[in-house]
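Got the viewer open? Here's a short tour: what to select at each stop, and what you'll find there.

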There are 2 protein chains.
Amino acid sequence: VPKHVLIIGAGFGGLTAAKALTDKQDVRVTLVDRRNHHLFQPLLYQVATAGLNPADIAVPIRAQFSAASNVQVHLADVVEIDLNEKRARDASGAPFKWDYLIVACGSQHSYFGHPEWEEFAPGLKTLEQAVEIRRRILFAFEAAENELDPAKRLPLLSFVVVGGGPTGVELAGSIADVARTVLVKDFRKIDPASARVFLLEAGPRLLPAFPEKLAARAAHDLGELGVTVRTGAMVAGIDGTGVEVKGAERIPAHSVFWAAGVQADALTKRIGVPLDRNGRVKVEPDCSIPGHPDAFVIGDAATLPGVPGLAPAAIQMGELTAKNIRASIEGRPRTPYKYRDKGNMATIGKHRAIAETGKLQLSGYLAWLAWLFVHILYLIGFRNRIAVLLEWTWSYLFSKRGARLITGRDWKLPKE
Amino acid sequence: VPKHVLIIGAGFGGLTAAKALTDKQDVRVTLVDRRNHHLFQPLLYQVATAGLNPADIAVPIRAQFSAASNVQVHLADVVEIDLNEKRARDASGAPFKWDYLIVACGSQHSYFGHPEWEEFAPGLKTLEQAVEIRRRILFAFEAAENELDPAKRLPLLSFVVVGGGPTGVELAGSIADVARTVLVKDFRKIDPASARVFLLEAGPRLLPAFPEKLAARAAHDLGELGVTVRTGAMVAGIDGTGVEVKGAERIPAHSVFWAAGVQADALTKRIGVPLDRNGRVKVEPDCSIPGHPDAFVIGDAATLPGVPGLAPAAIQMGELTAKNIRASIEGRPRTPYKYRDKGNMATIGKHRAIAETGKLQLSGYLAWLAWLFVHILYLIGFRNRIAVLLEWTWSYLFSKRGARLITGRDWKLPKE
């Protein structure tokens with residue numbers, strides 16, 4: 001009888017593990033996610049700035065396993081995990097049993113004890129959030145065009161991104177780029193190029209995971225795009241009218257976006273094991289839960305010394321865990337996880353990036369080409385690769401963005 | 001001083017009028033819409049059935065007028081029209097004056113005095129509604145896959161489309177097609193091909209605007225796709241569990257979609273002139289409002305004897321009204337509107353259609369090619385034409401649909 005592997009979450013880690021177990025005769029796999037799609041999160045900022053469509057960076061999970069007869073996919077929200085009984089339950093109470101468990105539930109935003117900021121400063125983790133950010137950006141320009149009072153226009157044309165990691169850098173650069181190259185042609189009463197974009201980082205510099213030289217280059221390139229970078233800027237308050245910065249002037253802004261902290265998905269709290277302060281499970285070197293060798297946590301929901309919360313780490317953990325499960329079934333010893341550093345990259349605006357891998361450091365146009373190549377390569381689905389290349393070619397040639405839609409479920413124009 | 005033309009609504013009629021007045025020195029144009037995008041409504045059913053992305057059938061209105069220095073675009077919801085003062089107001093109270101007015105606000109669904117049905121049977125007029133219908137269709141299959149009780153699976157796998165006009169025919173055919181060719185490969189516990197699709201029409205036959213022979217062919221082709229067509233089926237009740245049909249058995253179904261009645265947008269009620277029973281303004285032969293020669297109503301918001309509520313009529317009215325306004329400015333006489341019949345077409349599933357123009361009647365594959373050609377031709381925006389052709393080629397070759405996403409603002413898996 002094949003052993004049953006339950007995988008919770010179809011992000012980079014869970015999807016990779018399921019694929020590595022596909023068509024293996026000694027296992028059957030149940031892959032559960034609360035979404036019907038796998039999302040290529042590194043390109044979410046492109047959806048948020050109207051450069052790509054939601055469907056360009058997402059694939060239906062079950063379409064990935066059409067031909068995999070030993071994999072079952074379920075749309076379900078797991079809310080309970082019982083390690084001793086080897087049983088999980090979803091929100092409807094339906095049980096999922098396992099011989100081996102892989103928890104790959106990923107991360108969500110952390111507002112550092114200020115959940116009330118989320119309403120005014122949405123994060124960028126889901127397609128819905130990306131579409132909401134797109135809506136807010138495009139609507140701000142429309143509202144500014146309708147506003148006759150210059151004093152009221154200023155906050156409408158001010159955008160604040162909180163958090164100077166890769167997501168914050170990419171989002172801020174892309175907003176500045178859209179305002180200056182795409183929107184600038186279409187308005188009559190306002191000058192979209194006059195939009196102010198602030199990037200706030202609490203630490204001493206942008207992109208702490210990158211070498212100092214590259215981070216400085218990124219800050220310089222952002223400045224050329226018109227982004228005002230403020231380091232050492234600790235956010236003390238966010239409401240619908242602006243951002244309070246500790247020891248500095250308040251920034252009046254209607255649009256604030258959050259790219260600062262992350263924490264593990266809340267599901268980790270239901271496992272009943274020790275977590276770090278970001279809610280991540282402290283796993284053994286083989287990614288198993290201490291005391292429960294048949295239950296694993298991988299990706300952003302796990303913490304191991306020296307392993308960063310990046311897509312390549314999640315993918316590697318997924319591959320290794322699939323191998324280790326088969327090793328255990330066959331009575332072979334497991335291999336501990338070792339992070340292979342594939343490098344690090346981030347775009348700044350449309351044609352610039354920074355990238356490092358091993359001793360190689362790249363910046364500017366060449367780094368952007370490397371970024372392009374890697375992101376197309378890792379994007380799942382042939383259709384998506386073609387669609388993304390076409391959208392980017394289109395945007396490159398004509399400075400237009402195809403996805404400039406203000407939509408939302410039951411969208412109504414706000415009454416002023 | 002150029003005369004000021006205020007156009008309310010950027011659908012087929014309003015957009016055409018604004019384009020016809022672009023760069024004319026004797027007028028300046030203000031184009032107002034409560035959406036930032038022009039929507040190609042004839043392809044909405046493709047978004048609803050995951051065949052196209054929202055951005056493929058929509059273009060930002062202001063991007064259409066980037067180079068038109070005499071056209072201003074405003075995102076605003078007009079709620080008040082004063083014909084005597086020649087002034088409109090939007091929901092925020094901002095005034096819009098005019099020398100000439102064109103009301104092109106279009107139509108919305110009519111539930112024949114049962115607004116409570118809308119919650120259970122959304123219509124197909126906006127991108128949000130299309131995405132909501134897509135969400136309901138895809139979610140129904142996911143929920144059926146999770147459902148162990150066959151009696152509870154039946155309503156989850158039952159889809160009812162109310163209304164046998166072109167929209168209802170295209171939506172029903174496309175749902176059957178998706179279930180049988182796209183989804184059929186991806187599920188393990190259910191057979192998506194067993195999904196039941198009902199098309200209910202209160203009248204004696206489908207597609208009353210088409211010749212009887214073509215309508216019969218459409219009904220036959222729908223049957224081959226697996227759609228159960230019921231004519232003379234008057235809907236007496238809709239709730240979350242099914243549809244009550246007068247004098248017939250109740251149809252248990254979780255998913256019901258509305259393609260039955262339309263009425264003019266509610267804005268026509270604010271004009272203060274006589275309306276027909278569908279809320280449309282009874283206009284003069286030149287599309288002007290009786291007693292107000294400088295105010296026009298065009299497209300679905302207007303009614304003229306012998307003119308159908310179709311996109312070609314709205315486009316023709318927009319062109320003519322632009323010409324008549326310039327004629328009045330230059331002291332020339334106006335031309336009355338005369339409908340030029342461009343014909344009528346509807347698709348049935350993926351590779352079949354019916355079409356008639358003049359004495360020519362087409363059906364089957366040839367009609368589908370004609371449909372394809374016309375829809376690509378009239379779709380606004382080069383990018384969209386390319387994107388739509390690629391999506392359709394993709395779907396034709398691989399029986400996959402690129403937009404199979406379950407999303408929605410703040411989307412959460414419903415707790416059962």
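Start by selecting R383(A), which sits in helix α9 of chain A, residues 382-398 (helices are DSSP runs of H or I, at least four residues, and strands are runs of E, at least two, numbered from the N terminus). This is a predicted model, where local features need pLDDT of at least 70, side-chain atom pairs count only at pLDDT 80 or more, and totals for chains, interfaces and linings use all residues. Residues are numbered from 1 along each chain as its sequence is written, chains are lettered from A and ligands numbered from 1 in the order written, and side-chain values use heavy atoms, leaving out hydrogens and water.

Is R383(A) buried or exposed? It's buried, with a relative accessible area of 9% (buried means under 20%, exposed over 50%, partly exposed in between, with a 1.4 Å probe and protein chains only).

Now show what R383(A) touches: leaving aside residues up to four places away in sequence, the list is A55(A), D56(A), N53(B), E391(B), W394(B) and G402(B) (contact means heavy atoms within 4.5 Å).

Next, select both chains. Turning chain B by 180 degrees, with 0.0 Å of shift along the axis, superposes it on chain A at an RMSD of 0.0 Å (a least-squares fit on C-alpha atoms of residues with pLDDT of at least 70 in both). The two copies are therefore related as by a two-fold rotation axis. Both use the same surface: 100% of chain B's contact residues recur in chain A.
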